[in-house]
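Here is a small set of exercises for getting to know a protein structure. Try each task by yourself, then read the solution step by step.

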Amino acid sequence: MPAYVISEVEARDQAAMEAYRTLAATTIGQYGGRYLVRGGATEVVEGGPPPKTIVIVEFPSMARAREWYASAEYAEALKLRQTALERRLLFVEGVIPA
């Protein structure tokens, strides 16, 4: 069953953010993840407050998403994240494809 990692981010330091994005993208691919949304235009239809930048990554399973997040490879990106961006991060189970 697929799993989704959903990030709502706000850049703190643009140069650090670009370095973080590069490292994160490499590690996501190593763990079978793929970007579905990466900061495209957002429109609020109901509720608030306005969203920040949204990123959605699909992994083959929740176990694989957790493995990626806890990996030594992603640890380097996490070090940058502290100064690069403010983030809310969610892991969500998908549905079994029909």
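The exercises below use a predicted model, and each one comes with a worked solution.

**Exercise 1. The largest pocket**

Task: Find which residues and elements line the largest pocket, and which classes those residues belong to.

Solution:
- Step 1. Start with the space itself: the largest pocket has a volume of about 270 Å³.
- Step 2. Next, look for the residues around this space. The lining counts 20 residues, and those closest to the pocket centre are Val-9, Tyr-20, Arg-21, Tyr-35 and Val-55.
- Step 3. Now move from residues to elements. Two or more lining residues come from each of strand 1 (3–11), helix 1 (14–30), strand 2 (34–38), strand 3 (53–59) and strand 4 (85–93). Helix 1 gives the largest share, with five residues.
- Step 4. Finally, sort the lining by class: 14 residues are nonpolar, three are polar and three are charged.

**Exercise 2. Two sides of a helix**

Task: Work out which residues of helix 2 are buried and how they are placed around the helix axis.

Solution:
- Step 1. Helix 2 covers residues 62–69, and its buried residues are Met-62, Ala-65 and Trp-68.
- Step 2. Look down the axis of helix 2: the buried residues fall within an arc of 120 degrees, so they line one face of the helix.
- Step 3. Turn to the face that points away from the buried side. There you find the exposed residues Ala-63 and Arg-66.
- Step 4. Ask what covers the buried residues of helix 2. The cover includes strand 1, helix 1, strand 3, helix 3 (72–84) and strand 4.

**Exercise 3. Salt bridges between elements**

Task: Among the five salt bridges of the structure, examine the one between Arg-12 and Glu-86 and the one between Arg-34 and Glu-58.

Solution:
- Step 1. A useful idea to begin with: side chains of opposite charge can pair when their charged atoms come close.
- Step 2. In the salt bridge of Arg-12 with Glu-86, the closest N and O atoms are 2.2 Å apart. Arg-12 sits in the loop between strand 1 and helix 1, while Glu-86 belongs to strand 4, so this pair ties together parts that are 74 residues apart in sequence.
- Step 3. Check how open the two partners are. Arg-12 is partly exposed at 49% relative accessible area, and Glu-86 is also partly exposed, at 38%.
- Step 4. For Arg-34 and Glu-58, the closest N and O atoms are 2.8 Å apart. Because Arg-34 lies in strand 2 and Glu-58 in strand 3, the pair ties together parts that are 24 residues apart in sequence.
- Step 5. Here the partners fall into two classes: Arg-34 is partly exposed at 47%, whereas Glu-58, with 15%, is under the 20% limit and therefore counts as buried.

**Exercise 4. A salt bridge inside one helix**

Task: Describe where Arg-64 and Glu-67 lie and how far apart their closest N and O atoms are.

Solution:
- Step 1. Both residues belong to helix 2, three residues apart, which is about one turn of the helix.
- Step 2. They form a salt bridge, with 3.0 Å between the closest N and O atoms.
- Step 3. Arg-64 is partly exposed at 27% relative accessibility, and Glu-67 is partly exposed at 41%.

**Exercise 5. A peptide bond to look up**

Task: Locate Pro-49 and state whether the peptide bond from Gly-48 to Pro-49 is cis or trans.

Solution:
- Step 1. Go to the loop between strand 2 and strand 3, where Pro-49 has its place.
- Step 2. Read the bond from Gly-48 to Pro-49: omega is near 0 degrees, and the bond is cis.

Methods:
Residues are numbered from 1 along each chain as its sequence is written. This is a predicted model: local features need pLDDT of at least 70, side-chain atom pairs count only at pLDDT 80 or more; totals for chains, interfaces and linings use all residues. Side-chain values use heavy atoms; hydrogens and water are left out. On a 1 Å grid over the protein atoms alone, a cavity is a set of points where a 1.4 Å probe fits but cannot get out, and a pocket is an open set with protein on both sides within 12 Å along at least five of seven lines; lining residues have an atom within 4 Å of a point. Grid points are joined across faces, edges and corners, and a volume is the space filled by probe spheres set on the points. Helices (H or I, at least four residues) and strands (E, at least two) are DSSP runs, numbered from the N terminus. Ala, Val, Leu, Ile, Met, Phe, Trp, Tyr, Cys and Pro count as nonpolar, Asp, Glu, Lys and Arg as charged, and the others, Gly among them, as polar. Buried means under 20% relative accessible area, exposed over 50%, partly exposed in between (1.4 Å probe, protein chains only). The arc is that of the directions from the helix axis to the C-beta atoms. Contact means heavy atoms within 4.5 Å. A salt bridge is a side-chain nitrogen of Lys or Arg within 4 Å of a carboxyl oxygen of Asp or Glu.
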